[in-house]
Amino acid sequence: MAPRESGAPVPDQAPELEIVHLLRAVTVELGLHSARFAQANGMHATDVRALIALMDARRAGDEMTAGRLGAALGLNSAGTTSLVDRLERAGLVRRVRGADDRRKVVVEVEERAVRLGQDFFGPLIARAVDLLTAYDERERAAIRGFLTGVRDATAGGA
């Protein structure tokens, strides 16, 4: 069978659509889970996305400036300042000087925010990890490749 041309319409009966629809359902459920976390902690959805971006940066060993955070969230400068101020007042982030360039101001996630996230999302993450242990490395590589491709395709459409 010849490969489908990228961007060509997908027939309604294509077996791949079942996986795409499942991915959409997972995305909806994760969004609802995130909204429950935001509501339980008096946050906006953007606050949660900001904390996730900051935790990802921390995990990667990257410094996150307010400008980078705003760009990642699609916010302008004023919106980013308001967001960081709000999270700082809530004790979830702090502004610090950059490690290499002391003139640079970096936004870091506070341990309180990490604990909140672990308490709420930890059981879901543990369940997902448990599910992945049922797959061998080749299968996990395929899952990783698919999810990376969908993420990149989504980011490319922004």
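## A tour of the predicted model

Begin with the whole chain in view: among the contacts in the protein with a separation of 6 or more, 46% join residues that lie 24 or more positions apart. What you have open is a predicted model, and every value quoted on this tour was computed from it.

**The whole chain.** Colour by secondary structure and you will find six helices and two strands, which follow one another along the sequence in the pattern α-α-α-α-β-β-α-α. The radius of gyration is 19 Å, whereas the globule rule gives 15 Å for 158 residues, so the protein is more spread out than a compact globule. If you align the view with the principal axes, the C-alpha trace spans about 60 × 35 × 30 Å. Colouring by relative accessibility instead shows that 22% of the 158 residues count as buried.

**Helix α1.** Next select residues 16-40, which make up α1. How far apart are the end C-alpha atoms of this helix? They are 36 Å apart, which agrees with the 36 Å that 25 residues should span at 1.5 Å a residue. Show side chains for Leu17, His33, Ser34, Phe37 and Ala38, the buried residues of α1, and then bring α2 and α5 into the view, since these are the helices against which those buried residues pack. Several of the side chains you are looking at can be read with a simple rule in mind: an α-helix has 3.6 residues a turn, so residues three or four places apart point the same way. Before leaving this part of the chain, select glycine 42, which follows α1 and has a positive phi, near 60°.

**The largest pocket.** Now turn on a surface and look for the largest pocket, which has a volume of about 2,500 Å³. Its lining comprises 47 residues, and to centre the view you can select Val26, Leu30, Ile52, Ile125 and Leu147, which lie nearest the centre of the pocket. Which helices each supply at least two residues of this lining? They are α1, α2 (45-60), α3 (66-73), α5 (111-132) and α6 (137-156). The largest share comes from α5, with 13 residues. If you colour the lining by class, you will see 31 nonpolar, eight polar and eight charged residues.

**Threonine 80.** Move to helix α4, residues 77-89, where threonine 80 lies. Is threonine 80 buried or exposed? Its relative accessibility is 5%, so threonine 80 counts as buried, the cut-off being under 20%. Display Ala66, Gly70 and Leu75 around threonine 80, for these are its contacts once neighbours within four places in sequence are left aside.

**Alanine 126 and glycine 149.** Two further stops can be taken together. Alanine 126 has its place in helix α5 and, with a relative accessible area of 39%, is partly exposed. A distance drawn from the C-alpha atom of alanine 126 to that of arginine 24 should read 21 Å, for a pair 102 residues apart in sequence. Glycine 149, in helix α6, also counts as partly exposed, at 36% relative accessibility. From the C-alpha atom of glycine 149, draw a last distance to that of threonine 65, which is 84 residues away along the chain and 27 Å away in space.

Definitions and conventions: Residues numbered from 1 in each chain as written. Predicted model: local features only at pLDDT ≥ 70, side-chain atom pairs only at ≥ 80, totals over all residues. Heavy atoms only, no water. 1 Å grid on protein atoms, 1.4 Å probe; cavity = no way out; pocket = protein on both sides within 12 Å on 5 of 7 lines; lining within 4 Å. Points joined across faces, edges and corners; volume = space filled by probe spheres on them. Helix = DSSP H or I, 4+ residues; strand = E, 2+ residues; numbered from the N terminus. Nonpolar A, V, L, I, M, F, W, Y, C, P; charged D, E, K, R; others polar. Expected span 1.5 Å × (residues − 1). Buried < 20%, exposed > 50% of the residue type's maximum accessible area, 1.4 Å probe, protein only. Contact = heavy atoms within 4.5 Å. Rg over C-alpha atoms; globule rule 2.2 N^0.38 Å.
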